[in-house]
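Dear colleague,

I am handing over the structure we talked about, and would ask you to open it alongside this message. My notes on what was found in it follow below.

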Amino acid sequence: MAAAASSSASPLLLPSGPRGASSRAWLPSGGGGRAFIRGGNTRAPCCCRAAAGGSAAQCGGADDDNGGVVTRRGVFGAVVLGVSSSALCLQAALDAVAGGLPPEEKPKLCDAACEAELENLPMVTTESGLQYKDIKVGQGPSPPIGFQVAANCIAMVPNGQIFDSSLEKGQPYIFRVGAGQVIKGLDEGILSMKVGGLRRLYIPGQLAFPKGLTSAPGRPRVAPSSPVVFDVNLLFVPGLDDDE
């Protein structure tokens, strides 16, 4: 992804997307990153807490103290701490393996109870063929086309195997909606969400990855133009959501 908050590349963002929409646009000129750490949530990101023995269920983006809406200060803190957090996560995981601990379950936005509830939620189908279920409808604004958003995203193949996760990276993805920076299904699906919302997207092949994604350690292969499933928690829309 060309404009993610994560310090490592994510297959969710398209390398061919428009440039210039980086997360730096969020930082006030001359303000520096330290201002956003003050008073914010400076706990280790989910992957670190899980590796250190915490519950993976505690990492769900819809489970935060503000009812699913992450504050501007909290999101900025995650962006600023991203690089060092990734190193801490890796070290925590290595320590866990060295200590003979069982591998921790990957953090999810939708836990077992949520999965059971999904069965009874109505399915919405759009003209493009995109389908979605709203697990939680947000109370904030919806992002206009061209605006940046911060969102936690978990991408899966239809059998539930995860091939990309912002929770594992310990920080949300930042991208500009409607600008071709992400796959078409995610672009369309997030435009009708509200801040604080949690949605499952069932993305058909024509709105997913035309060239597919190769497999990698811990990541399944995504065949070209094959359907994928996304859980998306919309956290923040700069310029629209003014919560502190």
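Before anything else, a caution about confidence: across residues 15-70 the pLDDT stays under 50, although the model still has 97 contacts beyond four places in sequence for that stretch. This is a predicted model, and where pLDDT is low, the predicted coordinates should not be read in detail. For the chain as a whole the average pLDDT is 73, with 56% of the residues scoring at least 70. Residues 1-8 also have a pLDDT below 50, and beyond near neighbours in sequence this stretch has 34 contacts in the model.

As to the overall fold, the chain contains six helices and seven strands, and their order along the sequence reads α-α-α-α-β-β-β-β-α-β-α-β-β. Of the 244 residues in the chain, 45% are buried, while the accessible surface comes to about 11,700 Å², with 55% of that area belonging to carbon and sulfur atoms. Among contacts in the chain with a separation of 6 or more, 74% are between residues 24 or more positions apart. Please bear in mind that these totals use all residues, including the stretch 15-70, where pLDDT stays under 50.

Two residues deserve a description of their own, and I begin with arginine 200, which is placed in strand E6, spanning residues 198-203. Is this arginine 200 buried or exposed? Arginine 200 counts as buried because its relative accessibility is 7%, and the cut-off for that class is under 20%. The side chain of arginine 200 makes a polar contact with the side chain of aspartate 231 at 2.6 Å, and another with the side chain of glutamate 115 at 2.7 Å. Leaving aside neighbours within four places in sequence, the residues in contact with arginine 200 include Cys110, Leu118, Tyr132, Lys133, Met156 and Phe230, as well as Glu115 and Asp231.

The other residue is glutamate 119, found in the loop between helix H4 (112-118) and strand E1 (124-125). Glutamate 119 is classed as exposed because its relative accessible area is 65%, where the class requires over 50%. From C-alpha to C-alpha, glutamate 119 and lysine 133 are 9.7 Å apart in space, with their positions 14 residues apart in sequence given as the separation. Lysine 133 is also one of the residues in contact with arginine 200.

With best regards

Definitions and conventions: Residues numbered from 1 in each chain as written. Predicted model: local features only at pLDDT ≥ 70, side-chain atom pairs only at ≥ 80, totals over all residues. Heavy atoms only, no water. Helix = DSSP H or I, 4+ residues; strand = E, 2+ residues; numbered from the N terminus. Buried < 20%, exposed > 50% of the residue type's maximum accessible area, 1.4 Å probe, protein only. Contact = heavy atoms within 4.5 Å. Areas by Shrake-Rupley, 256 points an atom, 1.4 Å probe, with all protein chains shown as cover. pLDDT = per-residue confidence, 0-100. Polar contact = N/O pair within 3.5 Å; in protein donor to acceptor, adjacent residues only side chain to side chain.
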